[in-house]
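Biologist: I would like a close look at a single part of this model rather than a survey of the whole. Please take one chain, explain how it is put together, and then follow its contacts outwards to whatever it touches.

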Amino acid sequence: MKILALDSSGLVASVAVVEENDGNQNLLAEYTVNYKKTHSQTLLPMLDEIVKMIELDLKSIDAIALAAGPGSFTGLRIGSATAKGLGFALEKPLIDIPTVDGLAYNLYGTDRVICPLMDARRNQVYTGIYEFCGGSLHVLEPQMAAGIEVIAGKLRALGREVIFLGDGVPVFRKRLEEELMAGEKFSFAPAHLNKQRAGAVGALALQYLKEGKTVSAAEHRPVYLRLSQAERERLEKEKNT
Amino acid sequence: MEEKKDVLILAIESSCDETASAVVKNGREVLSNVISSQIALHTLYGGVVPEIASRKHIEKINEVIQEALDQAGVKLSEIDAIGVTYGPGLVGALLVGVAEAKAISYAAGIPLVGVHHIEGHISANYIACKELEPPFICLVVSGGHTHLVVVRDYGKYEIIGKTRDDAAGEAFDKVARAIGLGYPGGPKIDRLAKEGNPDAIHFPRAKVEDAPYDFSFSGVKSAVLNYLNGCHMKGEPVVEADVAASFQKAVCDVLVEHAVQAVKDYGIPKLALAGGVASNSALREAMKAACEKEGVSFYYPSPILCTDNAAMIGAAAYYEYINGVRSGLDLNAVPNLRLGER
């Protein structure tokens with residue numbers, strides 16, 4: 001089994017190829033850049049670099065996995081359109097990995113509760129609560145768009161040690177430390193594990209593939225967890241009249 | 001002599017609110033032209049909502065491309081090049097087509113050609129009229145553009161006039177909204193105007209000083225709004241059909257006058273229309289009459305080729321392709337791409 005994985009849901013652009021043979025998993029290549037947000041110009045050249053480096057025959061992959069949302073609307077669509085185009089030309093299925101699940105998978109095996117925080121603007125985060133149990137990822141709170149105080153409230157109610165990661169950490173770190181998580185035990189993931197990694201998306205996708213959780217390239221669409229502003233305003237207006 | 005091989009272009013267009021794909025043979029023959037329109041969705045908002053347009057593109061794009069290949073009876077492996085609109089347009093909408101086209105091109109090993117949306121509109125005339133060749137003058141009129149262009153050669157454009165404010169189609173949309181016709185305004189005004197008197201009300205025909213080919217449509221739009229307000233204040237009834245017909249005539253008069261002037265000044269006796277407003281029946285008739293009077297050949301695409309479509313992108317991509325133009329894996333969407341820019 002070989003999977004090509006993409007994540008362009010946030011500031012990071014990441015491409016990886018993972019495989020599994022006889023129960024042994026391998027990360028063949030991963031290219032992750034957290035510099036400037038020009039995914040439309042970088043994502044495919046990054047893939048091309050990997051393909052050359054590991055002499056990959058694209059036709060040999062079994063599926064294309066991607067962080068399917070939430071995230072930056074435009075970033076998600078660049079990843080989606082890239083995956084859909086690859087799937088179309090290669091006639092391969094796609095594997096939709098919830099972005100926040102993929103982030104949590106970075107911290108495989110931790111005994112703490114995992115809380116990814118992606119900056120969702122408008123004073124919200126894309127987040128969720130996860131734990132590892134018997135070697136597999138358990139979802140305690142599925143990914144959502146919520147205020148930081150909402151997720152902090154859920155974490156305090158759980159009363160367990162928490163590890164945070166994601167690009168929302170620098171935005172909300174102070175509030176978490178000074179007010180929201182006061183008295184609780186928590187920590188922050190280190191540099192090599194605290195942002196989107198296509199390697200984690202791919203590794204989680206190996207499991208999805210075994211469970212047959214694929215979609216066709218045509219039917220794939222990103223999960224935004226939010227309506228567009230125009231739709232939101234229209235619904236609010238309708239509600240008020 | 002060796003027989004010349006046919007060139008098949010798979011084209012993708014997603015610059016605004018139509019998800020479109022087409023297969024075009026040798027730049028002139030349309031084998032398929034699939035358009036998935038979102039107009040009904042955007043009507044709720046009185047205009048195109050970029051985020052909604054982008055979301056719909058990503059949902060539809062593979063289906064539309066597959067349909068274009070199926071209708072043409074062509075396999076992806078038979079395609080010689082992929083043409084894709086990379087500007088101008090809504091950036092989020094453009095990015096869907098660009099990312100998709102790049103990925104298909106890369107995975108299938110098919111050359112990629114980025115196409116300028118307006119060059120596509122102009123190239124629709126190559127499909128409509130097989131014998132048309134540059135040089136010719138082209139008037140591009142749509143919801144976002146009003147350009148008077150000298151097409152020197154395939155891929156060589158010189159803009160000699162453009163609008164200083166509203167695009168012609170934009171003025172149609174705004175006036176349509178003001179007289180309660182809704183979105184999209186162009187076809188609705190066209191229909192209503194047929195029942196009205198184009199000489200009932202005199203609306204201004206604006207000239208731009210020192211720029212004989214430039215346009216300005218905000219004045220005529222304001223004049224219509226002021227007229228409607230005036231009627232309202234005086235309690236006089238508004239004859240919407242007369243307003244539509246008179247407004248439409250004011251716009252068409254200016255478009256025809258400038259285009260014909262350009263034909264005379266440049267000594268190029270060929271005039272083509274392009275863009276969404278090119279399917280306006282009054283504009284076509286006025287332009288046709290003026291061209292006949294001046295002894296100028298007049299070209300215009302069928303309505304389906306005037307609207308945003310991918311066949312026109314395939315036609316433009318063909319000439320770029322045979323000229324050796326290729327786009328790289330880093331091709332980006334350029335929302336304000338200028339005509340003739342590479």
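Modeller: Two residues are treated here as being in contact if their C-beta atoms, placed from the backbone, lie within 7 Å. Everything that follows concerns a predicted model, and the chain I have chosen is chain B. Among the contacts in chain B between residues at least 6 apart in sequence, 75% join residues that are at least 24 apart. The secondary structure of chain B comprises 11 helices and 10 strands. Its radius of gyration is 20 Å, close to the 20 Å that the globule rule gives for 342 residues, so chain B is as compact as a globular protein of that length. Taken along the principal axes, the box filled by the C-alpha atoms of chain B is roughly 70 × 45 × 30 Å, and 54% of the 342 residues count as buried.

The domain assignment divides chain B into domain 1, made of residues 8-123 and 306-322, and domain 2, made of residues 133-301. The C-alpha centres of domain 1 and domain 2 of chain B lie 27 Å apart, and where they meet, 12 residues of domain 1 of chain B are in contact with 20 residues of domain 2 of chain B. On the domain 1 side of this contact in chain B, the elements that give two or more residues are helix 1 (39-43), helix 4 (117-128) and helix 11 (311-322). Of these, helix 4 of chain B supplies the largest share of that side, four residues. By class, the domain 1 side in chain B consists of five nonpolar, five polar and two charged residues.

A local detail of chain B is the pairing of strand 2 (residues 18-25) with strand 3 (residues 29-37), which is antiparallel and extends over eight bridges. One of the bridge partnerships between these strands of chain B joins B:Lys25 to B:Glu29 in strand 3. Strand 2 and strand 3 of chain B form a hairpin with three residues between them, and B:Asn26 in the turn has a positive phi of about 50°.

Turning outwards, 31 residues of chain B are in contact with 28 residues of chain A. On the chain B side, helix 2 (50-72) and helix 3 (91-108) are the elements that give two or more residues, and the largest share, 13 residues, comes from helix 3 of chain B. The classes on this side of chain B are 20 nonpolar, five polar and six charged residues.

One residue on the other side of the boundary between the chains is A:Arg221, which sits in the loop between helix 6 (198-210) and helix 7 (229-240) of chain A. Once its neighbours within four places in sequence are left aside, A:Arg221 is in contact with A:Ser80, B:Ile58 and B:Glu59. Because A:Arg221 has 19 C-beta neighbours inside 10 Å, it counts as partly exposed; the count needed to be called buried is 20 or more. Between A:Arg221 and A:Ala5 there are 16 Å in space, C-alpha to C-alpha, although they are 216 residues apart in sequence.

The partner chain is also assigned two domains, with domain 1 of chain A covering 2-99 and 197-230 and domain 2 of chain A covering 107-188. The centres of these two domains of chain A, taken over C-alpha atoms, are separated by 24 Å, and the contact takes eight residues from domain 1 and six residues from domain 2 of chain A. The domain 1 side of that contact in chain A has four nonpolar, three polar and one charged residues.

Chain A also contains an open sheet of five strands in the order 8-7-6-9-10, with mixed pairing. Its edge strands, which pair on one side only, are strand 8 (136-147) and strand 10 (186-188) of chain A, and the twist averages 20° from one strand to the next. Within this sheet, strand 7 (residues 124-133) and strand 8 of chain A run antiparallel and are joined by nine bridges. Helix 4 (residues 148-158) of chain A lies across strands including strand 8, to which it runs at about 145°, while helix 5 (residues 169-180) of chain A lies across strands including strand 6, at about 120° to strand 6.

Definitions and conventions: Residues are numbered from 1 along each chain as its sequence is written. Chains are lettered from A and ligands numbered from 1 in the order in which they are written. This is a predicted model: local features need pLDDT of at least 70, side-chain atom pairs count only at pLDDT 80 or more; totals for chains, interfaces and linings use all residues. Ala, Val, Leu, Ile, Met, Phe, Trp, Tyr, Cys and Pro count as nonpolar, Asp, Glu, Lys and Arg as charged, and the others, Gly among them, as polar. The radius of gyration is taken over C-alpha atoms; the globule rule is 2.2 Å times the number of residues to the power 0.38. A residue is buried if 20 or more other C-beta atoms lie within 10 Å of its own, exposed if 12 or fewer, and partly exposed in between; C-beta atoms are placed from the backbone. Domain bounds come from an automatic or database domain assignment. Two strands pair if DSSP finds at least two bridges between them. Axes are lines fitted to C-alpha atoms, for helices over the stretch in contact, and angles run from 0 to 180 degrees between N-to-C directions.
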